[in-house]
Amino acid sequence: MSLLNGKTAIITGGSSGIGLATAKRFVAEGAFVFITGRRQTELDKAVNEIGKNVSAIAGDISKLEDLDRIYKTVAETKRKLDIVVASAGFVGLASTMEITPEHFDQTFDINARGTFFTIQKALPLMNDGGSIVLIGSGVYVKGFPNYLTYAATKAALRSYVRTWTTELKDRKIRANIVTPGMIETPIIDAQFPEAEGVGARAYFSSITPLGRLGLPEEVAAAVLFLASSESSYIAGIDLPIDGGITAV
């Protein structure tokens, strides 16, 4: 039997990378999936790739009115949710002395504030016994240069799931976070110019015990585990999917 048969999920940032890989895996396991993203063209492409049991809703998680519209559409279409995967995020590289108020606010508005309200506004629609999975990042553990604001927002997500684990216990809603290492997604190319991207991939591969970058599908497998009844006695954890980079 499929792990998510009859379940309804929403995945923010579902048009590419980890979000898209997760949407594909969820549909393959029997779920109906809503995906969100800021660019309609990318959403349309993702829907075509997924092929069935998927609906795309354009929106920016940093805008509360967009989140309200997204969940209004979900409620009108499916009424209830079983799974929320918060995968939408922003990363921009800057050292401490280079960080501007605009950079700081953009990073926190999307990653920390946007993710928080993504979950808060989903809760009235969630069935008891549902699952929340946040997508974190191993940079908050390692302290890599130039990732200061991004890492701080991901540390906030780790804190969220601890609190939600206790606050939502009476509803049997489980909250967990997966913490990827460097994963082969378009976000790498967004961080580095083409030549630097090659060097960055080589560097992160060299410091990863498994000797390579991860694949979005490998993270999606972990998200599926935490979203399904296979992890029914797991709550509040941070699950690294990083080839061992944060373990050594």
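Biologist: How many of the seven residues of β6 are buried?
Modeller: This is a predicted model. In it, Arg174, Asn176, Val178 and Pro180 point one way from β6, while Ala175, Ile177 and Thr179 point the other way, and all are buried. The strand is therefore largely enclosed by the rest of the structure, and the number of its residues that are buried is seven of the seven.

Biologist: Which strand do four bridges join to β6?
Modeller: Strand β5 (residues 126-135) runs parallel to β6 and is joined to it by five bridges; there, Ser131 stands opposite Arg174. Ile177 of β6 has Asp238 as its bridge partner. The strand joined to β6 by four bridges, also parallel, is β7.

Biologist: What does the side chain of Asn176 reach at 2.9 Å?
Modeller: Asn176 lies in strand β6 and has a relative accessible area of 0%, which means it is buried, as that is under 20%. Among the residues in contact with Asn176, beyond its neighbours within four places in sequence, are Ile234, Ala235, Gly236 and Ile237. At 2.9 Å its side chain reaches the backbone nitrogen of Gly236.

Biologist: Which element gives the most to the lining of the largest pocket?
Modeller: The largest pocket has a volume of about 1,000 Å³, and 41 residues line it. Elements giving two or more residues to this lining are α1, β2, α6 and α7. With four residues, the element that gives the most is α7.

Biologist: How many residues of that lining are charged?
Modeller: Ser87, Gly89, Phe90, Thr185 and Ile187 lie nearest the centre of the largest pocket. Its lining holds 19 nonpolar and 17 polar residues, and the number of charged ones is five.

Methods
Residues are numbered from 1 along each chain as its sequence is written. This is a predicted model: local features need pLDDT of at least 70, side-chain atom pairs count only at pLDDT 80 or more; totals for chains, interfaces and linings use all residues. Side-chain values use heavy atoms; hydrogens and water are left out. Buried means under 20% relative accessible area, exposed over 50%, partly exposed in between (1.4 Å probe, protein chains only). A polar contact is a pair of N or O atoms within 3.5 Å; within protein, one must be able to donate a hydrogen and the other to accept it, and residues adjacent in sequence count only if both atoms are side-chain atoms. Contact means heavy atoms within 4.5 Å. On a 1 Å grid over the protein atoms alone, a cavity is a set of points where a 1.4 Å probe fits but cannot get out, and a pocket is an open set with protein on both sides within 12 Å along at least five of seven lines; lining residues have an atom within 4 Å of a point. Grid points are joined across faces, edges and corners, and a volume is the space filled by probe spheres set on the points. Ala, Val, Leu, Ile, Met, Phe, Trp, Tyr, Cys and Pro count as nonpolar, Asp, Glu, Lys and Arg as charged, and the others, Gly among them, as polar. Two strands pair if DSSP finds at least two bridges between them.
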